[in-house]
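Reader: I have some "why do you call it that" questions about this one. Can we go through them together?

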Amino acid sequence: WEFNGSFYQPSAFLMMGIPGLEALHPWISIPFCALYLTALLGNCVILFIIRTTPSLHEPMYYFLSMLAVTDLGLALCTLPTTLGLFWFNVRRIAFDACLTQMYFIHILSFIESSVLLAMAFDRFVAISHPLRHPAILTRSTVLKIGLAIVLRGMVSLLPIPFLLKRLTYCGRTELSHSFCFHPDIMNLACADIKVNVFYGMIVLLSTVGMDFIFIVLSYILIIRTVVSLTTREECLKALNTCVSHICAVLVFFIPMIGLSMIHRFGRNVPPLVNTLVAYTYLIIPPALNPVIYSIKSTHIREALLRALCRKRG
């Protein structure tokens, strides 16, 4: 322990793998490696395809590029500590390093939520106002939206590390996961954490919560527009452009909401459930998103096939 002024801070935290399955960590690392490899390669391929295909230089695919970059960041944030623990049983993470990892994990999560909202807005404009879509979502507008998303995440989460550093920690130093998460660190403190809880809830509801509400509203408006279309073929064609985005929204928000509820209200939830939901939240979306868009997006699939054919030729 290090004495620092009027309060105590641990020099490091101890990370946990999968409770009760510690002996199987080397074997469990195999599916984790597959997921990380899929996330890294898949998102890099998506970025390469969009970068090298002029026909994909439009708002929908600019937002998809932002999503791919965010997913790469999320995968790279948790990969070192997770595989380090599974492969080499490296459980120790320095206090400041833990706060840094936590900050970037939360920033990237908030950015992903905001990008999914921007993609929902793009689908709404494309379906409800197709003729005005190029004028509304110009390249400069997309760039401004991207900058606003990043600044929103950075500024709203900036106080979190300082709120954690002011706390006194004593006794327990074991985290619930192989990465650092704000509620997890906060619950190790033996001081009053009401400010942390209140600020965390306000930020979560005003960012991710509002994003989810606006995504739902966007799809309500999209459904109203689709229902008004004259033919069944037009309805299906319009809805088909949203399938990939709906899948990405579900894959991201369901485990995120579940993990937030467990950390705040699930005192009696088994540790194994908590751990599995956390891994699902942070590892599954980066791995599945490029697969979803490669399968469902005709333009991405065709561009990928053209790239493969060129390499073979």
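Author: What follows is a set of short questions and answers on the labels used for this predicted model.

Reader: Let's start with the whole thing. What makes the protein as compact as a globular protein of its length?

Author: First, the inventory: the protein has 12 helices and 4 strands. Its radius of gyration is 21 Å, and the globule rule gives 20 Å for 313 residues; those two values are close, so the protein counts as being as compact as a globular protein of that length. For the outline, picture the C-alpha atoms filling a box of roughly 65 × 45 × 35 Å along the principal axes.

Reader: How much of the protein is buried, and what does it expose?

Author: Buried residues are 48% of the 313. The exposed area comes to about 15,700 Å², with 71% of it supplied by carbon and sulfur atoms.

Reader: And what share of the contacts links residues 24 or more positions apart?

Author: Take the contacts with a separation of 6 or more: 80% of them are between residues 24 or more positions apart.

Reader: How far apart are the mean positions of the positive and negative charges?

Author: They sit 5 Å apart, counting 23 positive and 14 negative charges.

Reader: Where does the label "transmembrane region" come from?

Author: It comes from the UniProt annotation, in an unreviewed entry, and covers residues 24-50, 62-88, 100-121, 142-164, 197-222, 243-264 and 276-295. You can set two of those spans against the model. Residues 24-50 are 96% helix and 0% strand, with end C-alpha atoms 40 Å apart. Residues 100-121 are 100% helix and 0% strand, and their end C-alpha atoms lie 32 Å apart.

Reader: Now single residues. Why is Ser 109 called buried?

Author: The cut-off for buried is under 20% relative accessible area. Ser 109 has 0%, so it is buried. This residue lies in helix α3, residues 95-128, and beyond its neighbours within four places in sequence it contacts Leu 74, Phe 252, Met 256, Tyr 281 and Leu 282.

Reader: Ile 127 is in helix α3 too. How do you know whether it is buried or exposed?

Author: Its relative accessibility is 14%, which is under 20%, so Ile 127 counts as buried. Among its contacts outside the four-place window are Ile 222, Thr 225 and Val 226, along with Ala 238 and Cys 242. There's a pairing with Tyr 219 to look at as well: 92 residues apart in sequence, 11 Å apart in space, C-alpha to C-alpha.

Reader: What about Asn 289, why is that one buried?

Author: A relative accessible area of 2% is under the 20% cut-off, so Asn 289 is buried. Asn 289 belongs to helix α11, residues 271-296, and touches Leu 67, Asp 71, Glu 112 and Ala 248, setting aside residues up to four places away in sequence.

Reader: Why is Ile 213 called partly exposed?

Author: Partly exposed falls between the 20% and 50% limits. Ile 213 has 44%, so that is the label for it. Ile 213 lies in helix α8, residues 194-227, and its C-alpha is 9.3 Å from that of Leu 117, 96 residues away along the chain.

Reader: Last one: what makes Asn 89 exposed?

Author: Exposed means over 50%, and Asn 89 has 55%, so it counts as exposed. Asn 89 is in the loop between α2 and β4.

Reader: And what is the sign of its phi?

Author: Asn 89 has a positive phi of about 55°, although it is not a glycine. Most residues other than glycine have a negative phi.

Note on methods:
Residues are numbered from 1 along each chain as its sequence is written. This is a predicted model: local features need pLDDT of at least 70, side-chain atom pairs count only at pLDDT 80 or more; totals for chains, interfaces and linings use all residues. Side-chain values use heavy atoms; hydrogens and water are left out. Helices (H or I, at least four residues) and strands (E, at least two) are DSSP runs, numbered from the N terminus. The radius of gyration is taken over C-alpha atoms; the globule rule is 2.2 Å times the number of residues to the power 0.38. Buried means under 20% relative accessible area, exposed over 50%, partly exposed in between (1.4 Å probe, protein chains only). Contact means heavy atoms within 4.5 Å. Accessible areas come from the Shrake-Rupley method with a 1.4 Å probe; for residues, only the protein chains shown count as cover. Lys and Arg count as positive and Asp and Glu as negative; His and the chain ends are not counted. The place of a charge is taken as NZ of Lys, CZ of Arg, CG of Asp or CD of Glu. UniProt positions are given in the numbering used here, feature names are shortened, and annotations may be inferred rather than shown by experiment.
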